[in-house]
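Here's a quick walk through a model, starting with how far to trust it and ending with a strand worth a look. Have the structure open as you read.

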Amino acid sequence: MSVRTLALLLAFGSLVAAPRDAQAYVREVTNSGLPVAWHYPCLTMQVYPGRPPQILTADEYVAASEQAAAVWSYPALACTDIRLTIVKATQGSSDVGYDKRNVIAFRQDTWCRQPPQIDDAGMAQPDCYPSSALAVTSVFKNAKTGEILDADIEFNAVDYSWGDLVDKPGLVGTTTADFQNALTHELGHVLGLDHNCYTITDAQPRLNDNTGSPEVDCYNPPPPQAVADATMYPSVELGDTLRRDLSPDDEQGICDIYPHRHSVCPPLPSNGGCSVVATDSPDGGQTAMLLMVVVLLIAALVFLRRYLRV
Amino acid sequence: MAIATCAVAALPVAMASLMRAMDLAELTASADQIVVGDVVSTECEWDGGHRNIYSTIEISVQESWKGSPPNNGRIKIRQLGGTVGEIEMTVHGMARFTRGERALLFLRQSGVVGMGQGKRHVQWDPGNKQWLAEAAEGIEVVSAGAKGSSGDAHRSEALNQLREKVRALVRN
């Protein structure tokens with residue numbers, strides 16, 4: 001074992017600890033109490049890594065994003081249908097908002113939402129976040145159905161730096177946070193998971209977890225280790241890297257919301273969008289493909305009938 | 001521009017943005033106005049580009065701990081998030097307001113300091129016959145200290161006690 005490896009294990013003992021126990025998970029709900037979820041399992045998030053100099057290269061940010069997405073996705077998580085695909089955006093704007101485009105972006109010049117808000121006079125008004133915010137996640141959903149429609153994550157690269165604290169443990173204790181760790185947690189929210197425990201003003205009334213029991217307290221009294229170790233636990237140290245890997249509760253949550261149904265995600269179109277062929281039957285999407293062929297045949301017949309009448 | 005009465009937070013909404021924990025001294029120093037007030041109304045509207053929903057929360061000020069008290073006794077807070085029609089926008093980490101609730105607010109330029117950290121729900125404790133300021137919103141807090149420790153963010157505190165602390169910090 002090299003000195004470097006030994007240092008890594010000492011610095012991140014939690015990564016090599018015994019497997020995390022199971023407790024429960026909690027789903028995010030709308031204001032009217034509906035659980036939220038995407039209606040299709042194929043999701044794309046466009047990553048705008050920003051520009052150098054940063055601790056990691058653009059490709060390394062994309063790679064870390066892909067790893068964070070993969071732990072929530074099939075096939076790494078065999079019991080789910082979710083396929084969260086990361087696309088590196090090399091052009092276009094990293095604007096966030098309700099545009100059916102899911103964005104992961106770094107803000108480097110000003111820690112403000114982009115594009116700026118347009119006031120009634122048509123003037124752009126900067127809408128800035130506090131420097132204490134390291135990352136901000138915003139989600140749009142249908143209040144009546146609970147369907148998640150759009151999700152964006154913005155990272156504060158003005159006041160903090162983002163790195164790979166597993167690869168560079170010397171950065172622990174600085175203002176550098178582990179990008180993959182933070183993103184893995186935020187992607188849990190993007191997929192519809194809430195924090196796995198309750199803070200005093202977090203929920204009125206307190207939510208139930210998946211077992212039907214009221215969610216446990218996050219802090220007072222200290223929660224079971226399984227809760228504190230989960231990716232969806234709400235409080236972490238700046239140097240934390242444990243959340244990169246899902247706990248059994250995180251996995252159970254995502255697999256209950258999006259159980260594996262053998263859906264097929266077609267290849268991404270050139271614009272990085274996402275389409276899906278989903279089926280409940282275990283035929284790998286063949287039934288849905290057959291339906292599409294039938295629809296095309298009917299359309300062709302209609303066209304031919306019109307053509308022959310002319 | 002569509003304006004609607006906000007469907008705010010009678011039921012839980014996740015708070016998940018990644019925040020550095022701010023202690024009372026930092027909250028106080030960052031705020032240009034600190035008040036205890038009642039939520040009178042909330043309204044939501046799309047911005048001009050129809051990309052984001054904003055909430056405007058009107059507060060009837062009961063106590064002013066820092067900054068000049070408003071002339072008409074009311075202030076307005078504007079922040080991202082809310083519901084217009086069928087679309088609900090959640091910005092994880094933003095403070096949530098319910099009409100009629102009382103809150104201690106650390107404000108800066110008509111926004112809540114540190115997103116949810118600058119709002120503490122205040123409620124009457126009939127047992128001890130005093131007002132209690134509850135913990136900060138359920139944000140995801142990072143700290144350089146032990147996991148889960150973020151100062152006094154997770155404990156309720158008597159409002160009288162908190163008032164003295166804040167005023168001492170303001171004086172200094």
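What follows covers confidence in chain A, then one helix, then one strand of chain B.

This is a predicted model, so let's begin with pLDDT. Chain A averages 81, with 77% of its residues scoring at least 70. The low and high ends sit in two helices: α1 of chain A has the lowest confidence, with a mean of 37, while α5 of chain A has the highest, at 97. Two stretches of chain A fall below 50:

| Stretch | pLDDT | Contacts in the model |
|---|---|---|
| Residues 1-18 of chain A | below 50 | 13 contacts beyond near neighbours in sequence |
| Residues 271-289 of chain A | under 50 | 40 contacts beyond four places in sequence |

Where pLDDT is low, the coordinates shouldn't be read in detail.

Back to α5(A), residues 248-257. Its buried residues are Asp249(A), Asp250(A), Glu251(A), Gly253(A), Ile254(A) and Ile257(A). Among the elements covering them are α3 (179-190) and α4 (225-228) of chain A.

Now for chain B: why is strand β7(B) largely enclosed by the rest of the structure? Because five of its five residues, 87-91, are buried. Ile87(B), Met89(B) and Val91(B) lie on one side, Glu88(B) and Thr90(B) on the other, and both faces are covered.

Look at the pairing too. Strand β6 of chain A (residues 133-142) runs antiparallel to β7(B), joined to it by five bridges, and Lys141(A) stands opposite Glu88(B). Strand β6 of chain B (residues 82-84) is also antiparallel to β7(B), with three bridges; here Gly82(B) has Met89(B) as its bridge partner. Two residues separate the strands of that β6(B)–β7(B) hairpin, where Gly85(B) takes a positive phi near 60 degrees.

Terms used. Residues are numbered from 1 along each chain as its sequence is written. Chains are lettered from A and ligands numbered from 1 in the order in which they are written. This is a predicted model: local features need pLDDT of at least 70, side-chain atom pairs count only at pLDDT 80 or more; totals for chains, interfaces and linings use all residues. pLDDT is the predictor's confidence in each residue, from 0 to 100. Helices (H or I, at least four residues) and strands (E, at least two) are DSSP runs, numbered from the N terminus. Two residues are in contact if their C-beta atoms, placed from the backbone, lie within 7 Å. A residue is buried if 20 or more other C-beta atoms lie within 10 Å of its own, exposed if 12 or fewer, and partly exposed in between; C-beta atoms are placed from the backbone. Two strands pair if DSSP finds at least two bridges between them.
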